[in-house]
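Here is a short tour of a protein–DNA model, written for someone who likes to see which residues sit where. Have the structure open and follow along.

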There are 2 protein chains.
Amino acid sequence: MADITVLIVDDHPVVRDGLRGMFAGTAGFRVVGEAADGRQAVALAERLRPDVVLMDLRMPGGGGVEAITELTRRGLPCKVLVLTTYDTDTDTIPAIEAGATGYLLKDAPRDELFDAVRAAAEGRTVLSPAIAARLVSRVREPRSESLTARELEILRLVARGTSNREIAAELFISEATVKTHLTHIYAKLDVKDRAAAVAAAYERHLLP
Amino acid sequence: MADITVLIVDDHPVVRDGLRGMFAGTAGFRVVGEAADGRQAVALAERLRPDVVLMDLRMPGGGGVEAITELTRRGLPCKVLVLTTYDTDTDTIPAIEAGATGYLLKDAPRDELFDAVRAAAEGRTVLSPAIAARLVSRVREPRSESLTARELEILRLVARGTSNREIAAELFISEATVKTHLTHIYAKLDVKDRAAAVAAAYERHLLP
DNA sequence: CCTGCCATCAGCCGATTGGTCGATGCCGCC
DNA sequence: GGCGGCATCGACCAATCGGCTGATGGCAGG
């Protein structure tokens with residue numbers, strides 16, 4: 001059986017070298033190219049027609065999600081395996097929606113990575129456990145979690161730079177309660193801190 | 001000389017009672033009314049024509065800044081003395097721009113409060129030291145601070161919920177540098193934490 | 001009546017943040 | 001050649017934040 005051809009896309013040379021080295025020392029794979037951003041990735045994928053694209057998200061000059069979207073739009077037959085550093089990315093879901101075949105964390109053991117690439121080449125979906133869990137919970141809750149009036153009130157104050165203690169004083173409740181509300185807000189907006197919550201609120205037009 | 005007539009505006013009954021009590025026990029002042037939000041404040045000020053309006057910012061149902069704007073728009077002769085809990089409000093400058101005559105913190109000693117009301121009645125400006133300092137620094141920097149490319153880059157990541165450590169890794173710089181950039185961002189946007197910075201960025205259309 | 005949602009609160013913990021010094025190197029501009 | 005803006009880093013410290021576990025009361029809907 002022919003080798004699986006791989007295109008490596010990452011803005012960090014170190015990571016590219018590391019990946020290239022790993023595949024070089026393993027039978028069954030062949031790295032056919034490297035790209036440092038989304039635009040290069042699309043161009044190279046078009047020319048080299050790799051079986052699998054190993055794609056980092058978050059790159060300067062053409063993000064990963066856009067690149068994936070573009071690849072699927074052009075109908076290229078290659079499979080995209082997202083390989084990222086953090087599982088907390090808000091890009092996780094968009095990347096999968098854009099057409100990524102799998103999603104792995106960079107700290108995955110090498111064997112796991114090889115398995116994932118083989119799986120991707122065959123079109124099978126491979127997700128890291130953390131991502132899988134998030135996807136499941138996402139499906140279980142059919143979107144559009146809306147904030148309660150109280151939660152919105154608190155979020156507005158957060159957007160003004162008000163601290164938890166100040167919010168508590170302002171609303172005549174305890175700091176513990178404020179934190180509870182915030183935890184709920186984070187869960188509903190699928191973010192992990194107040195800054196991202198504010199951004200999400202603006203994106204969804206919950207704030208002017 | 002006639003008493004100075006005062007209108008108290010605060011959403012907290014406790015605060016209203018406290019203020020009313022203080023003025024009741026002091027010669028030279030007369031509390032002519034109370035309001036619990038901005039709209040009531042404007043209506044009462046129109047009817048009662050007080051010399052001085054003691055105004056809290058941040059109230060449910062008609063914020064203080066809007067009320068001040070409305071009062072000046074209607075050309076009412078009353079002076080507005082802002083009386084608030086925190087000097088960290090992002091509302092500080094807007095309130096003064098809207099036409100507030102003075103700005104005091106609620107923890108000011110009573111004598112200071114009385115002096116401030118007398119001063120306001122005569123049209124003299126009284127600012128708490130902290131506010132005065134901020135105003136000065138504001139004047140020294142003639143506005144419209146724009147963010148550098150690097151700062152914007154960091155702010156974008158912050159809006160995604162990225163931690164300082166993660167930003168550092170992503171951009172190949174140290175965490176110290178990220179913090180330095182953030183400090184600059186806070187100063188330029190006149191906010192004090194990342195959540196407010198994100199909000200300010202959206203307000204000023206620095207982010208999509 | 002019971003169940004679920006909402007709002008409220010407590011206490012503990014580690015991680016993160018923001019503040020404040022100071023310092024360096026690069027670059028463009030006058 | 002100096003000056004200012006920008007980006008970079010370090011170290012230390014207090015405050016804040018977020019996560020976790022668990023609990024209570026009110027109120028609506030089944």
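## Where strand D meets the protein

This is a predicted model, and a good place to start is the backbone of chain A. A backbone N or O atom of R194(A) lies 3.1 Å from a phosphate oxygen of DNA strand D. Chain B reaches a phosphate of this strand as well: an N or O atom in the side chain of H181(B) is 2.8 Å from a phosphate oxygen of DNA strand D. The bases are touched too, with a polar side-chain atom of T180(B) placed 3.0 Å from a base nitrogen of DNA strand D.

Stepping back, 17 residues lie around DNA strand D, and those that come nearest are R165(A), K179(A), Y186(A), T148(B) and S174(B). Sugar or phosphate accounts for 67% of the strand D atoms within 4 Å of the protein, and bases make up the rest. Which helices supply at least two residues each to the surface near DNA strand D? They are α8 (164-171) and α9 (175-189) of chain A, together with α9 (175-189) of chain B. Of these, α9(B) gives the most, with 5 residues. By class, the surface near DNA strand D holds 3 nonpolar, 7 polar and 7 charged residues.

## Where strand C meets the protein

Now turn to the other DNA strand. Around DNA strand C there are 17 residues, the closest being T148(A), S174(A), H181(A), K179(B) and Y186(B). Two side chains of chain A can be picked out at its phosphates: an N or O atom of T177(A) is 3.0 Å from a phosphate oxygen of DNA strand C, and one of H181(A) is 2.8 Å from a phosphate oxygen of that strand. From chain B, a polar side-chain atom of R165(B) lies 2.8 Å from a phosphate oxygen of DNA strand C.

For DNA strand C, 64% of the atoms within 4 Å of the protein belong to sugar or phosphate, with the rest in bases. The surface near this strand draws at least two residues from each of α9 of chain A and α8 and α9 of chain B. Its largest share, 5 residues, comes from α9(A). That surface counts 3 nonpolar, 7 polar and 7 charged residues.

## How the two chains touch

The protein chains also contact each other, through 29 residues from chain A and 28 residues from chain B. Between them they bury about 2,600 Å², with 49% of it on carbon and sulfur atoms. There are 2 salt bridges between chain B and chain A. E166(A) forms a salt bridge with K192(B), where the closest N and O atoms are 3.9 Å apart. The two chains also share 5 residue pairs in polar contact.

On chain B, the side that touches chain A takes at least two residues from each of α7 (149-159), α8 (164-171) and α10 (194-203). The largest share, 7 residues, comes from α10(B). In all, this side of chain B has 13 nonpolar, 6 polar and 9 charged residues.

## The sheet of chain A

Finally, look at the strands. In chain A, 6 strands form an open sheet with parallel pairing, in the order β2-β1-β3-β4-β5-β6. Why do β2 (29-35) and β6 (126-127) each have one side without a neighbour in the sheet? Both stand at the edges with a single partner strand, so one side of each is left free of a neighbour there.

Within this sheet, β3 (residues 52-55) and β4 (residues 79-84) of chain A pair in the parallel sense over 4 bridges. L54(A) stands opposite L81(A) in β4(A).

Key. Residues are numbered from 1 along each chain as its sequence is written. Chains are lettered from A and ligands numbered from 1 in the order in which they are written. This is a predicted model: local features need pLDDT of at least 70, side-chain atom pairs count only at pLDDT 80 or more; totals for chains, interfaces and linings use all residues. Side-chain values use heavy atoms; hydrogens and water are left out. A residue is near a molecule or strand if one of its heavy atoms lies within 4 Å of it. A polar contact is a pair of N or O atoms within 3.5 Å; within protein, one must be able to donate a hydrogen and the other to accept it, and residues adjacent in sequence count only if both atoms are side-chain atoms. Ala, Val, Leu, Ile, Met, Phe, Trp, Tyr, Cys and Pro count as nonpolar, Asp, Glu, Lys and Arg as charged, and the others, Gly among them, as polar. Contact means heavy atoms within 4.5 Å. Buried area is the accessible area (1.4 Å probe) that two parts lose on being put together, summed over both. A salt bridge is a side-chain nitrogen of Lys or Arg within 4 Å of a carboxyl oxygen of Asp or Glu. Two strands pair if DSSP finds at least two bridges between them.
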